[in-house]
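Dear colleague,

I am passing on the structure we spoke about, and I would be glad if you could keep it open while you read the notes that follow.

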Amino acid sequence: MMRLKELREERRLNQEGLALKLNVSQSTVSAYEIGERTPDLETMIAIAQFFDVSLDYLAGLSEVRHPIRESDLSDREASHLCTFRSLSEIDKAKVEA
C-alpha cells in the first residue's frame, strides 16, 4: 500500500504495533508496505479509519487526506459550490484565475 509506511511512521508506530491495532501479523503489515500483499476491503477501511484518512489517500489516488463533506460546509459555502458547479468550463477557469 502506497502510504501505509508513511502513515505508520508519522504515528511513530513500528510494524508490530500497527499489526496489533489491525489484528494481523507483523509480517502481514510488512507485506502490505512493500506491495507483496493487498489488504481486503475490510482491512483497508480499518487502516483508513485508524489513520483518519480517506481510502483514496491511503491508496495513493489522491493528495487530499480528508475529503470535504457537505456537512463541513456552511450554507454560504455550499451555495457558492453549487453556483461554481453550474458554471461553464470557461467561467470556472475565470474564477480559478
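Helix α3 is followed by glycine 35, whose phi is positive, near 85°. Please bear in mind here, and throughout this message, that the model is a predicted one. Most residues other than glycine have a negative phi, and with that background two further positions deserve a look. Arginine 12 is not a glycine, yet has a positive phi of about 55°, and this arginine 12 lies in the loop between α1 and α2. Asparagine 23, again not a glycine, has a positive phi of about 60° and is found in the loop between α2 and α3. Both side chains face outward in the sense of accessibility: arginine 12 is exposed, with a relative accessible area of 79%, and asparagine 23 is exposed, with a relative accessible area of 72%.

To return to helix α3 itself, which covers residues 26-34, its buried residues are Thr28, Val29, Ala31, Tyr32 and Glu33. Which helices do the buried residues of α3 pack against? They pack against α1 (residues 4-10), α2 (residues 15-22) and α4 (residues 41-51).

Glutamine 15 gives a closer view of one part of this arrangement. Glutamine 15 has its place in helix α2, and because buried means under 20% relative accessible area, its value of 16% puts glutamine 15 in the buried class. Once the neighbours within four places in sequence are left aside, glutamine 15 is in contact with Arg8, Gln26, Val29, Ser30 and Glu33; of these partners, Val29 and Glu33 are among the buried residues of α3. Glutamate 70, by contrast, is 55 residues from glutamine 15 in sequence, and the two are 35 Å apart in space, C-alpha to C-alpha.

Leucine 7 offers a second view, this time from helix α1, where leucine 7 is found. Is leucine 7 buried or exposed? Leucine 7 is buried, with a relative accessible area of 1%. Leaving aside neighbours within four places in sequence, its contacts are with Phe51, Val53, Tyr57, Leu58 and Arg65. Leucine 7 and aspartate 56 are 49 residues apart in sequence, while their C-alpha atoms are 14 Å apart in space.

Two of the residues just named lead on to helix α4 and what comes after. Isoleucine 47 has its place in helix α4 and counts as buried at 0% relative accessibility. The C-alpha atoms of isoleucine 47 and leucine 58, which are eleven residues apart along the chain, are separated by 8.3 Å; leucine 58 is also one of the contacts of leucine 7.

As for aromatic rings, the count comes to one aromatic pair. Phenylalanine 50 and phenylalanine 51 form this pair, which is edge-to-face, with 4.9 Å from centre to centre and 80° between the planes. The two partners fall into separate accessibility classes: phenylalanine 50 is partly exposed, with a relative accessible area of 23%, whereas phenylalanine 51 counts as buried at 7%. Phenylalanine 51 is, in addition, among the residues that leucine 7 contacts.

Finally, some remarks on the protein as a whole. The protein has seven helices and zero strands, so that from the N terminus on every element in the run is written α. For a compact globule of 97 residues one would look for a radius of gyration near 13 Å, but the protein has 18 Å, and along its principal axes the C-alpha trace spans about 50 × 25 × 25 Å. Buried residues make up 29% of the 97 residues, and the protein exposes about 7,200 Å², of which carbon and sulfur atoms supply 49%. Among contacts between residues at least 6 apart in sequence, 49% join residues at least 24 apart. The side chains include 13 positive and 18 negative ones, and the centres of the two sets lie 3 Å apart.

With best regards

Technical notes. Residues numbered from 1 in each chain as written. Predicted model: local features only at pLDDT ≥ 70, side-chain atom pairs only at ≥ 80, totals over all residues. Heavy atoms only, no water. Helix = DSSP H or I, 4+ residues; strand = E, 2+ residues; numbered from the N terminus. Rg over C-alpha atoms; globule rule 2.2 N^0.38 Å. Buried < 20%, exposed > 50% of the residue type's maximum accessible area, 1.4 Å probe, protein only. Contact = heavy atoms within 4.5 Å. Areas by Shrake-Rupley, 256 points an atom, 1.4 Å probe, with all protein chains shown as cover. Lys, Arg positive; Asp, Glu negative; His and termini not counted. Charge placed at Lys NZ, Arg CZ, Asp CG, Glu CD. Phe/Tyr/Trp six-rings, centres within 6.5 Å; stacked < 30°, edge-to-face > 60°.
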